[in-house]
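Dear colleague,

I am passing on the structure we spoke about, with the sequence alongside it. Please look through it first, and then read the notes underneath.

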Amino acid sequence: MLDGRPVVVAGGDRTVWMWNAGTGRQIGTYTLASRIKALTVAPDGRIVVGFGADIAVLTHRH
């Protein structure tokens, strides 16, 4: 986590991976219904993902 926020990466498929940058440990994986087009982490730590014609807001529980 950087400043308390996770590091997230979207692959070329439908998967979002989340890591704690301090430990290098993977802390979450999310698979969505369509290919991912956009990804960001909001200031409050929620992950916002644009996929297909939809948007999802994900909340990681520590």
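The notes below go from the chain as a whole to the sheet and then to the core.

Please keep in mind throughout that this is a predicted model. The protein chain contains six strands and zero helices, so that, in the order of the sequence, the pattern reads β-β-β-β-β-β. Of its 62 residues, 32% count as buried, and the accessible surface amounts to about 4,100 Å², with 51% of that area belonging to carbon and sulfur atoms. As for contacts across the sequence, among those with a separation of 6 or more, 18% join residues that lie 24 or more positions apart.

The sheet I looked at is an open one made of three strands, arranged in the order β4-β5-β6 with antiparallel pairing. Its edge strands are β4, residues 36-41, and β6, residues 54-58, each of which pairs on one side only. From one strand to the next, the twist averages 15°.

Within that sheet, β4 pairs with β5, which covers residues 47-51, in the antiparallel sense and over five bridges. Two of the bridge partners can be named residue by residue: T40 is matched with V48 of β5, and L39 is matched with V49 of β5. The two strands form a hairpin with five residues between them, and in the turn G45 has a positive phi of about 95°.

Which residues, then, make up the largest nonpolar core? There are twelve in all, namely V8, V16, M18, Y30, L32, I36, V41, I47, V49, F51, A56 and L58. The elements giving two or more residues to this core are β2, which spans residues 15-20, together with β4, β5 and β6, and the largest share, three residues, comes from β5. As background, nonpolar side chains tend to be buried together in soluble globular proteins.

Two members of the core deserve a separate word, since they link the points above. V49 is the bridge partner of L39 and also belongs to the largest nonpolar core. L58, likewise a member of that core, is in contact with Y30, R46, I47 and V49 once its neighbours within four places in sequence are left aside. Of these partners, Y30, I47 and V49 are themselves listed in the core.

With best regards

Note on methods. Residues numbered from 1 in each chain as written. Predicted model: local features only at pLDDT ≥ 70, side-chain atom pairs only at ≥ 80, totals over all residues. Heavy atoms only, no water. Pairing = 2+ DSSP bridges. Helix = DSSP H or I, 4+ residues; strand = E, 2+ residues; numbered from the N terminus. Axes fitted to C-alpha atoms, helices over the stretch in contact; angles between N-to-C directions. Buried < 20%, exposed > 50% of the residue type's maximum accessible area, 1.4 Å probe, protein only. Contact = heavy atoms within 4.5 Å. Areas by Shrake-Rupley, 256 points an atom, 1.4 Å probe, with all protein chains shown as cover. Core = buried A, V, L, I, M, F, W, Y, C linked by side-chain atoms within 4.5 Å.
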